[in-house]
Amino acid sequence: MICLGVETSCDETAVALVSDGVLLGQRLISQDEAHALFGGVVPELASREHLRKAYALVSGLLADTGVTARDLDVVAVARGPGLLGSLLVGVNLAKGLALGGGARLVGVNHLHAHLMAAGLERPLPLPALGLLVSGGHTHLYRMAGAMEFELLGTTLDDAAGEALDKAAKAVNLPYPGGRELDLLGRGVEPDRSMFPVPYVQNDNLDFSFSGLKTAVIKHVRSHPDLRLETLPDARAMATPELARFCASVNHAVVEALRVKTRRALQRFPQLKTLVVAGGVAANSMLRRSMAELADALAVELVLPSPALCTDNASMIAFLGERLARQGCRHGLDMEAIPRGRAVPRDYILDPAI
């Protein structure tokens, strides 16, 4: 079975081919430079860039792999959550390819695909506890299969990745800020009293980072020397105080994630695997903290490689193929689901499969 995956949920335009769980090829274009001028993703600009580049990426990928549109058994697409305009570009492209080539159309939950992405690199032991950490979402799931995700904890306001990005922006680090903040603070001892660990004095599994974001902004206002000038290489001009600030913000975010993840693993002792995924899963302090936690609780840690942490089409194709093997498909009336709305499990099930 050959599955083409299409990913346009935010500012990465990506396509990939997976056959029987093996990646055949992929192409990706990042829009970081286009959005860096604005310090964040501009939705209208993102959707226009997807529209300009998506079809050429598909054509190039098919040429690279020697696969034709008629060879495709499944076309899988990230249908949400994400930026509506961006999602619509990918969804409409996928519908056209499925209709023209006679392939099965499968809409994929972008968040679930992140958590399943490591299956491209190694067997994924299930059931598992899944920690999804990205710029827009911080979720805990109980994972039992391609269609079996139970949400245990969610973001009440700001996500972990957003808090890191906003902290980086407050001191004028280049976009994308969370990655720059991690690099600057790497190897530096954090000041654990600089910022509070947000929303852990409770007994639930939800997350909240708005208070930390406010604390960071207040700290920078009272320490204006932390702010960098706008320079091509801001990291070269960083001071030891700025590096400590970055490490301290990182620590506050990572510690909140560690506390809630530990709580979930203790609450569900039957889950012997911890899967950490999403863009922030590439954060060096988070990866180290989760490794220590998994070792302390004697659970198996599954971390996708950094390339699979960012938005990519390989994860869409991988999960799309698994769903198709379970008899799932969508009709051409499938809708794109923007951020803020739950992605429905409205698959049409093939009784023969």
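**Sheets and helix contacts in a predicted model**

Trainee: In what order do the five strands of the open sheet stand?

Mentor: The pairing in this open sheet is mixed, where two strands pair if DSSP finds at least two bridges between them, and helices (H or I, at least four residues) and strands (E, at least two) are DSSP runs numbered from the N terminus. This is a predicted model, in which local features need pLDDT of at least 70 and side-chain atom pairs count only at pLDDT 80 or more, while totals for chains, interfaces and linings use all residues. Residues are numbered from 1 along each chain as its sequence is written, and side-chain values use heavy atoms, with hydrogens and water left out. The five strands stand in the order S8-S7-S6-S9-S10.

Trainee: Which strands stand at the edges of that sheet?

Mentor: A strand at the edge has a single partner strand, so one side of it is left without a neighbour in the sheet. The two strands placed in this way are S8 (148-153) and S10 (300-302).

Trainee: By what angle are neighbouring strands of this sheet turned against each other on average?

Mentor: Axes are lines fitted to C-alpha atoms, for helices over the stretch in contact, and angles run from 0 to 180 degrees between N-to-C directions. For this sheet the average ignores direction, and it comes to 25 degrees.

Trainee: Which residue of S10 stands opposite Leu274?

Mentor: Strand S9 (residues 273-277) pairs with S10 in the parallel sense over three bridges. Opposite Leu274, in S10, stands Leu301.

Trainee: Which residue of S5 is the bridge partner of Val74?

Mentor: Strand S4 (residues 74-80) is mostly covered, with seven of its seven residues buried (under 20% relative accessible area; exposed is over 50% and partly exposed in between, with a 1.4 Å probe and protein chains only). It pairs with strand S1 (residues 2-7) in the parallel sense over four bridges, and Cys3 stands opposite Val74. Six bridges join S4 to the parallel strand S5 (residues 104-109), where the partner of Val74 is Arg104.

Trainee: Is Pro81 buried or exposed?

Mentor: Pro81 lies in the loop between S4 and H3. Leaving aside neighbours within four places in sequence, its contacts (heavy atoms within 4.5 Å) include Ser9, His110, His137 and Arg339. With a relative accessible area of 8%, Pro81 is buried.

Trainee: How many charged residues does the contact of H2 with H3 have?

Mentor: Helix H2 (residues 43-65) and helix H3 (residues 84-101) pack at an angle of about 25 degrees with their axes 7 Å apart, which makes H2 roughly parallel to H3 (under 35 degrees, against over 145 for roughly antiparallel, 65 to 115 for roughly perpendicular and the rest oblique). Their crossing is right-handed, meaning that the near helix is turned clockwise from the far one by less than a right angle, whereas anticlockwise would be left-handed. The contact includes Leu51 and Tyr55 of H2 and Val89 and Leu93 of H3. By class (Ala, Val, Leu, Ile, Met, Phe, Trp, Tyr, Cys and Pro nonpolar; Asp, Glu, Lys and Arg charged; the others, Gly among them, polar), there are nine nonpolar and four polar residues, and the number of charged ones is none.

Trainee: How many nonpolar residues does the contact of H7 with H8 have?

Mentor: The axes of helix H7 (residues 210-222) and helix H8 (residues 240-267) come within 11 Å and cross at roughly 165 degrees, which makes H7 roughly antiparallel to H8. Leu212, Val216, His219 and Val220 in H7 meet Phe245, Val249, Ala252 and Val253 in H8. One residue of this contact is polar and none is charged, while the nonpolar residues number seven.
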